[in-house]
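Biologist: Pick one part of this model for me and go through it closely, then work outwards from there. I'm happy with cut-offs and numbers, so don't hold back.

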Amino acid sequence: MGRPGANGRKGPVGLHVVDGTRPARGRRPAAGGGDATDEATDGRATRDTTAAAGDGSAGADPSAGGEPSAGGEPSAGDVNSGPGADSAPGPGGPGGGELERVLAETLAFLRRRITGDYTVDEHGFDVDLTEHVVAPLLRPIYRNYFRVETRGLENIPDEGGALVVSNHSGTLPLDAMMTALAVLDHHPAHRHLRMLAADLVFAVPFLAPLARKTGNTLACQADAERLLTAGHLVGVWPEGFKGIGKPFSERYKLQRFGRGGFVSAALRTGAPIIPTTVVGAEEIYPMIGNARTLARLLGLPYLPITPTFPLLGLLGLLPLPSKWIIEFGEPVDTSRYTAAAAEDPMLVFELNDRIRETIQHTLYGLLMQRRSVFF
């Protein structure tokens, strides 16, 4: 098994050639003046070589523990480079390899934090923290709880600026987190989705620094254009609180997309717009009421009442395990327009409406394909 490197990943698999011969013991010289042990060893080596040649195999038996083949080269069974290499059973039994990998990555992460060996960009994005702390915490929810199915990832470019535009729902913005994780884990380039978040996110003391560190930035046109110009993949949810805080009776009905600020940013930077549709988030917290008065006192856009909250207290904060589908649609090319096109209100409105209608029709199509809310 390879030892973890400084960055917490496994290094090359080490191969150790074992001689296998016993140390010579003191014996009386043979009649010819040679050592009897040498003669015995030479004879044993000759017999081993003859047996190997007669066997017709150049490598060692894989069942013998993956010993190197003849000539010191590893045989086909020596190196496990498949997807399950990290989770192969280690010395501690089944799952030992996975535990060892997690422990090594954790120690490497702590070392980097102590020594300051990590970078944070001008917007506060901490890639190391996102990849080694936040993403691992979200993956069990993504894979096992919501069982997210992703489609159309080939529509996201491997590099360069692009704008992901998605519907927004679910009372809490878990759809944005799942979309970002889908791109990070399943896109061939493993890109980070730089999310444009509402002002409220940066007004909450604990949430504000975490949002910055995980790649969020203020949902304003200046920041969007700066990120797109720098070649980042940017995510925006134009419905805002109107979408995420709508009642359950209006589920999967898109709200107004604002004045098209995201379209203007894409036109000025020539970035493609990727319509993205999320199905499943509407059902995690079915909002059957809104305590507006209390929400106003707390400075919140809404205070949801669901079948489980506040009836069940903190237990009511547990989302329902709906089955999710995230589909990335065909990109809308904006490179044929000049930057001056962003000042044309009719063009901006037309593109804004086209993106909204594309997402709405995709929602209807995915809902018809879905067998059940939870399966």
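Modeller: Let's start at Ser249, which sits in the loop between helix H7 (241–244) and H8; helices here are DSSP runs of H or I with at least four residues, strands are E runs of at least two, and both are numbered from the N terminus. Before going on, a word on the ground rules: this is a predicted model, where local features need pLDDT of at least 70 and side-chain atom pairs count only at pLDDT 80 or more, while totals for chains, interfaces and linings use all residues. Residues are numbered from 1 along each chain as its sequence is written, and side-chain values use heavy atoms, leaving out hydrogens and water.

Ser249 has 56% relative accessibility, so it counts as exposed (exposed is over 50% relative accessible area, buried is under 20%, and partly exposed is in between, with a 1.4 Å probe and protein chains only). Its C-alpha is 8.8 Å from that of Pro286, although the two are 37 residues apart in sequence. Tyr252 is in this loop between H7 and H8 too, but Tyr252 is buried, with a relative accessible area of 4%. Its phi is also worth a look: near 60 degrees, a positive value in a residue other than glycine. As a rule, most residues other than glycine have a negative phi.

Follow the chain out of the loop and you reach H8 (261–269). There Phe262, Val263, Ser264, Ala265, Ala266 and Leu267 are buried, and the buried residues of H8 pack against S2, H6, S5, S6 and H10. After H8 comes Gly270, with a positive phi near 70 degrees.

Two of those H8 residues turn up again in the largest nonpolar core. That core has 31 residues, and the ones touching the most other members are Leu163, Val165, Phe262, Leu267 and Ile355 (a nonpolar core is a set of buried Ala, Val, Leu, Ile, Met, Phe, Trp, Tyr and Cys residues joined through side-chain atoms within 4.5 Å). Besides H8, strand S2 (162–166), helix H6 (221–229), strand S5 (233–236), strand S6 (273–279) and helix H10 (345–369) each give two or more residues to this core. H10 provides the largest share, 7 residues. From H10's side, Ile355 is in contact (heavy atoms within 4.5 Å) with Val165, Phe257, Phe262, Ile273, Pro275 and Val332, leaving aside its neighbours within four places in sequence. There's also a second, separate core of 29 residues, with Tyr142, Leu174, Ile274 and Phe328 among them.

S2 is the next stop, since H8 packs against it. It's mostly covered, with 5 of its 5 residues buried. Ala162, Val164 and Ser166 point one way, and Leu163 and Val165 the other. In a regular strand the side chains alternate between the two faces of the sheet. S2 runs parallel to S5, with 4 bridges joining them, and Leu163 stands opposite Val234 in S5. S2 also runs parallel to S6, again over 4 bridges, and there Val165 has Pro275 as its bridge partner.

Zooming out, these strands belong to an open sheet of 7 strands with mixed pairing, in the order S1-S9-S6-S2-S5-S3-S4; two strands pair if DSSP finds at least two bridges between them. Strands S1 (149–151) and S4 (217–218) are the edges, each pairing on one side only. S1 pairs in the parallel sense with S9 (residues 325–328) over 3 bridges, and Glu149 stands opposite Ile325 in S9.

A couple of backbone oddities to flag while you have the model open. Arg147, in the loop between H3 and S1, has a positive phi of about 50 degrees although it is not a glycine. With 26% relative accessibility, Arg147 counts as partly exposed. Then Phe309 and Pro310 are joined by a cis peptide bond, with omega about 5 degrees, and Pro310 is in the loop between strand S8 (304–305) and S9.

For context, the chain has 10 helices and 9 strands, and 39% of its 375 residues count as buried. Among contacts between residues at least 6 apart in sequence, 72% join residues at least 24 apart.
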